[in-house]
Amino acid sequence: MSSPAPDPTLFDKVVNLTKRRGFVFPSSEIYGGFRSTYDYGPIGVLLLRNVKDAWWRSMVQLRHDVLGLDAAILSPPAVWEASGHLANFTDPLVDCKHCNERFRLDKLDDPHTCPNCGEHDSFTEARNFNLMFKTHAGPVEGSGHDVFLRPETAQGMFTNFSNVLQTSRKKPPFGIAQVGKSFRNEITPGNFVFRTREFEQMEMEFFVPPAEAGEWYEYWKNERFQWYLDLGMPAESLRLREHEADELSHYSSGTADVEFLFPWGWDELEGIANRGDYDLNAHATASGEKLDYFDPQTNERYTPHVIEPAAGATRTMMAFLMAAYDEEEVRGETRTVLHLHPRLAPYKVAVLPLSKKPELTGPAQELLATLQPHFMCDYDETQNIGKRYRRQDELGTPLCITFDFESVDDHAVTVRDRDTMEQDRVPLDQIVDHVRTKLGL
Ligand code: GAP
């Protein structure tokens with residue numbers, strides 16, 4: 001893993017690598033691009049999917065008390081009225097009267113000086129700007145059928161609380177988890193995919209008896225922090241920061257952020273919030289539906305409290321890239337390598353025939369077909385073997401398998417480890433087990 005001190009050059013290096021190697025492309029680039037919107041290319045889509053799958057595995061698959069959900073992105077104003085987003089999901093916006101640039105007042109280092117043109121006291125009065133994207137359903141604009149693109153996935157879990165409770169036989173404490181797109185009309189998107197208007201979230205609402213909320217809040221802070229460590233983030237680049245009272249969102253009675261040391265300093269990856277009974281109560285009042293739980297053992301009816309770990313998938317993917325990026329001196333040359341955890345690595349294995357001769361490419365493709373049902377694989381027969389190793393290092397591929405001229409006779413291949421660059425000779429009939437053991441998945 002790279003150095004924990006913030007390295008201002010790391011940002012450009014990672015952004016360049018992601019473009020060069022097909023991780024992330026500026027969206028609508030052939031039309032000049034669409035500001036702060038990105039498309040995930042052939043490698044990026046694998047990495048992003050692996051981040052989301054690793055989250056789902058730990059939050060849903062490996063637990064008995066969390067269930068999945070995939071709710072709609074479009075929803076009516078009633079949802080956002082009840083959740084408080086229509087009234088409160090705003091940023092204070094100021095315009096510089098001198099250069100006409102627009103800023104978030106709460107993000108300005110000096111609220112009296114324009115960071116763009118340097119003019120003093122040139123800002124307009126702050127206006128509250130709602131971050132939700134509004135559109136309309138149906139063919140007639142202005143017909144009153146306003147709808148909103150969700151600014152968080154969380155509300156789908158609250159509005160489906162009763163559906164899940166009734167169909168699942170769960171009782172508090174239990175959770176509902178969701179991964180999906182969210183949309184915010186950010187005033188100042190930027191820092192690559194760190195803050196964009198369209199992004200992906202990984203959120204879980206954990207419903208608990210009110211008296212247990214404090215203990216579950218502590219539990220989820222620890223669990224979530226450990227998830228990043230288990231996937232290879234260096235401990236020195238991660239911290240858990242409890243919010244000050246004036247930072248808390250409108251629904252929260254306690255929030256802690258998992259923060260990563262980005263090239264510009266510490267910044268948020270995930271928030272773990274104690275939302276109390278705010279959301280279920282708000283939706284129960286607005287909808288007239290009961291959103292509570294009757295405990296047949298105690299004969300008590302109560303509204304569960306909610307602990308919410310809310311992470312950004314796209315932002316977290318970027319942090320994993322930054323943490324994994326390294327440049328090393330190897331025999332007088334610099335190699336760029338992504339030391340990604342094997343679970344996150346886009347390709348687990350690359351199959352590389354030593355030459356383009358059919359006597360090697362034929363069996364190499366057979367080997368590829370043997371590996372593909374088990375692992376996401378790349379296959380490359382272009383350029384010399386050294387360049388192909390370097391390319392796979394830049395993609396973060398943990399293992400490269402070379403099929404050489406000897407392989408034809410000895411039925412064995414060379415397996416090269418990305419991190420140590422050590423090479424093992426492995427019989428072809430043991431290759432699947434060998435790769436599985438090496439990856440440790
Ligand atoms: N339901 C609570 C909630 O949405 P949040 O702190 O606003 O909380 C959770 O968002 C996470 O979503 C953030 O920690 C961040 O990782 C990600 N996120 C939020 N806004 C984002 C944006 N504009 N671009 C990329 N990721 C974003």
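Let me begin with the ligand, which in this predicted model is surrounded by 21 residues, the closest being Glu152, Glu186, Thr196, Glu203 and Glu268. Three of its polar contacts can be described atom by atom. An oxygen atom of the ligand lies 2.5 Å from an N or O atom in the side chain of Glu268, and an oxygen atom of the ligand is also found 2.8 Å from an N or O atom in the side chain of Arg184. With Thr196 the partner is in the backbone, where a polar atom sits 2.8 Å from a nitrogen atom of the ligand.

Thr196 also leads us to Pro189, since Thr196 is among the residues that Pro189 touches, together with Arg35, Ser36, Arg195 and Arg197, if we leave out residues up to four places away in sequence. Where in the chain is Pro189 found? Pro189 belongs to the loop between β10, which covers 174–183, and β11, which covers 198–208. Is Pro189 buried or exposed? Its relative accessible area is 9%, and because anything under 20% counts as buried, Pro189 is a buried residue. I would also mention Leu131, which is 58 residues away from Pro189 along the chain, while the C-alpha atoms of the two are separated by 12 Å.

Let me turn now to a pair of helices. In general, two packed helices are described by the angle between their axes and the distance between the axes. For helix α1, residues 10–20, and helix α9, residues 313–324, the axes come within 10 Å and cross at roughly 110 degrees, so α1 and α9 are roughly perpendicular to each other. On the α1 side the contact is made by Leu10, Phe11, Val14 and Thr18, and on the α9 side by Met318, Leu321 and Met322. These residues divide into 6 nonpolar and 1 polar, with no charged residue in the contact.

Finally, we come to strand β21, residues 377–379, which holds Asp378. Asp378 has a relative accessibility of 12% and therefore counts as buried. Beyond its neighbours within four places in sequence, Asp378 is in contact with Tyr347, Val349, Ala350, Val351, Leu368, Arg391, Gln392 and Leu395. Of these partners, Gln392 and Leu395 bring us to helix α11, residues 385–395, where they are buried along with Arg388, Tyr389, Asp393 and Glu394. At the start of α11, a side-chain oxygen of Asn384 comes to within 3.0 Å of the backbone nitrogen of Gly386. After α11 comes Gly396, which has a positive phi, near 80 degrees.

Methods:
Residues numbered from 1 in each chain as written. Predicted model: local features only at pLDDT ≥ 70, side-chain atom pairs only at ≥ 80, totals over all residues. Heavy atoms only, no water. Axes fitted to C-alpha atoms, helices over the stretch in contact; angles between N-to-C directions. Helix = DSSP H or I, 4+ residues; strand = E, 2+ residues; numbered from the N terminus. Parallel < 35°, antiparallel > 145°, perpendicular 65-115°, else oblique. Contact = heavy atoms within 4.5 Å. Nonpolar A, V, L, I, M, F, W, Y, C, P; charged D, E, K, R; others polar. Buried < 20%, exposed > 50% of the residue type's maximum accessible area, 1.4 Å probe, protein only. Near = heavy atom within 4 Å. Polar contact = N/O pair within 3.5 Å; in protein donor to acceptor, adjacent residues only side chain to side chain.
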